[in-house]
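Visitor: I'd like a close look at a single part of this protein, and I'm happy to follow it wherever it leads. Could you walk me through it without rushing?

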Amino acid sequence: MCASVFNTEMTEGGRSITMSDSISQVKLRCGFCLELNTVDLARAGGRPVCSECSKPILLDRPVKVSQDDFEQTVLQSDIPVLVDFYADWCAPCKMVAPLIDELAHQHIGAMLVVKVDTDRAPDVAMKYEIRSIPTLIIFQKGDEIERSLGFEPERVRDLVEKAVA
């Protein structure tokens, strides 16, 4: 079941709308209870909470995405998504992690930043031909628009700025 985190009614130009009408929605799984939630990223600064367990859905840091949720969360997103393909045992991935954290914090609401563990999502890794990690890919409306391999902080910052512009 997928629940909407924000479904608040508002008035816009005399017309009644619900926040679920927003174009910046994304589906994210709660890290605590695993409920799938629809989150309005335009209101991400308001600290959305899970509709099931009421725990916070933290968007100021990378969100872990599983193989099962990749299509709904990444490919069906209306805003750009930066995906960090990594593995827990990978030393260069640990070097990239602070950069990914920084980008998630800087671009909250404008870009979704997610992490995909290639050991736990082999089908996704195979589909996107992830042959070395870390690999960072920016998706926009389901399409890959840019890719970075290894530790390229300035290149990644430039790609992100271009994607959110």
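Leaving aside its neighbours within four places in sequence, which residues is aspartate 69 in contact with?

Guide: Keep in mind that this is a predicted model. Setting aside the neighbours within four places in sequence, aspartate 69 touches Arg29, Leu36 and Val74. You'll find aspartate 69 in the loop between β6 (63-64) and α1. Aspartate 69 has a relative accessible area of 5%, so it counts as buried, the limit being under 20%. With Arg29 there is also a polar contact: the side chain of aspartate 69 meets the side chain of arginine 29 at 2.7 Å.

Let's follow those contacts outwards, starting with the strands. Leu36 belongs to β5, a strand that spans residues 36-40 and has five of its five residues buried. Both of its faces are covered, with Leu36, Thr38 and Asp40 on one side and Asn37 and Val39 on the other. Arg29 sits in β4, which covers 25-29. Strands β4 and β5 run antiparallel and are joined by five bridges. In that pairing, glutamine 25 stands opposite aspartate 40. Six residues lie between the two strands of this hairpin, and in the turn leucine 34 has a positive phi of about 70°.

Now the other end of the loop, where α1 begins. That helix (70-75) is one of the elements that supply at least two residues each to the largest nonpolar core, and so are β4, β7 (81-86), β8 (112-117), α3 (122-127) and β9 (135-140). The core has 26 residues, and Leu59, Phe70, Val83 and Leu112 have the most contacts inside it. As a rule, nonpolar side chains in soluble globular proteins tend to be buried together. Take leucine 59: beyond its neighbours within four places in sequence, its contacts are Leu28, Val39, Leu41, Ala44, Pro48, Ala104, Ile108 and Leu112. One of these, Val39, is among the buried residues of β5. Apart from this core there is another, of 14 residues, including Val113, Leu136, Val156 and Ala163.

Phe70 deserves a stop of its own. The structure holds four aromatic pairs. One of them is formed by phenylalanine 70 and phenylalanine 85, a tilted arrangement with 6.3 Å centre to centre and 40° between the planes. This pair links distant parts of the chain, since phenylalanine 70 is in helix α1 and phenylalanine 85 in strand β7, 15 residues apart. Phenylalanine 70 is buried, at 3% relative accessibility, and phenylalanine 85 is buried too, at 0%. Phenylalanine 70 also pairs with tyrosine 128, again tilted, at 5.6 Å centre to centre and 50° between the planes. Here the link reaches across 58 residues, from helix α1 to the loop between α3 and β9. Tyrosine 128 has 13% relative accessibility and therefore counts as buried. Put together, Phe70, Phe85, Tyr128 and Phe139 make one aromatic cluster.

On the other side of the loop is β6, which takes us into the sheet. This is an open sheet of five strands with mixed pairing, in the order β6-β8-β7-β9-β10. Its edge strands, β6 and β10, each pair on one side only. Strands β6 and β8 run parallel and are joined by two bridges. Lysine 64 stands opposite lysine 115 in β8. Lysine 115 also lies over the face of tyrosine 86, at 4.4 Å from the ring centre. If you like that kind of arrangement, there is another to look at: lysine 55 lies over the face of phenylalanine 32, at 5.6 Å from the ring centre.

One last stop, at the other edge of the sheet. Glycine 150 is in the loop between β10 (143-149) and α4 (153-164). With a relative accessible area of 24%, glycine 150 is partly exposed. Not counting neighbours within four places in sequence, glycine 150 is in contact with Val96 and Pro134. Isoleucine 133 is 17 residues from glycine 150 in sequence, with 6.4 Å between their C-alpha atoms.

So, back to where you started: aspartate 69 is a buried residue in the loop between β6 and α1, with its side chain in polar contact with that of arginine 29.

Technical notes
Residues numbered from 1 in each chain as written. Predicted model: local features only at pLDDT ≥ 70, side-chain atom pairs only at ≥ 80, totals over all residues. Heavy atoms only, no water. Core = buried A, V, L, I, M, F, W, Y, C linked by side-chain atoms within 4.5 Å. Buried < 20%, exposed > 50% of the residue type's maximum accessible area, 1.4 Å probe, protein only. Helix = DSSP H or I, 4+ residues; strand = E, 2+ residues; numbered from the N terminus. Contact = heavy atoms within 4.5 Å. Phe/Tyr/Trp six-rings, centres within 6.5 Å; stacked < 30°, edge-to-face > 60°. Lys NZ or Arg CZ within 6 Å of the ring centre and 35° of its normal. Polar contact = N/O pair within 3.5 Å; in protein donor to acceptor, adjacent residues only side chain to side chain. Pairing = 2+ DSSP bridges.
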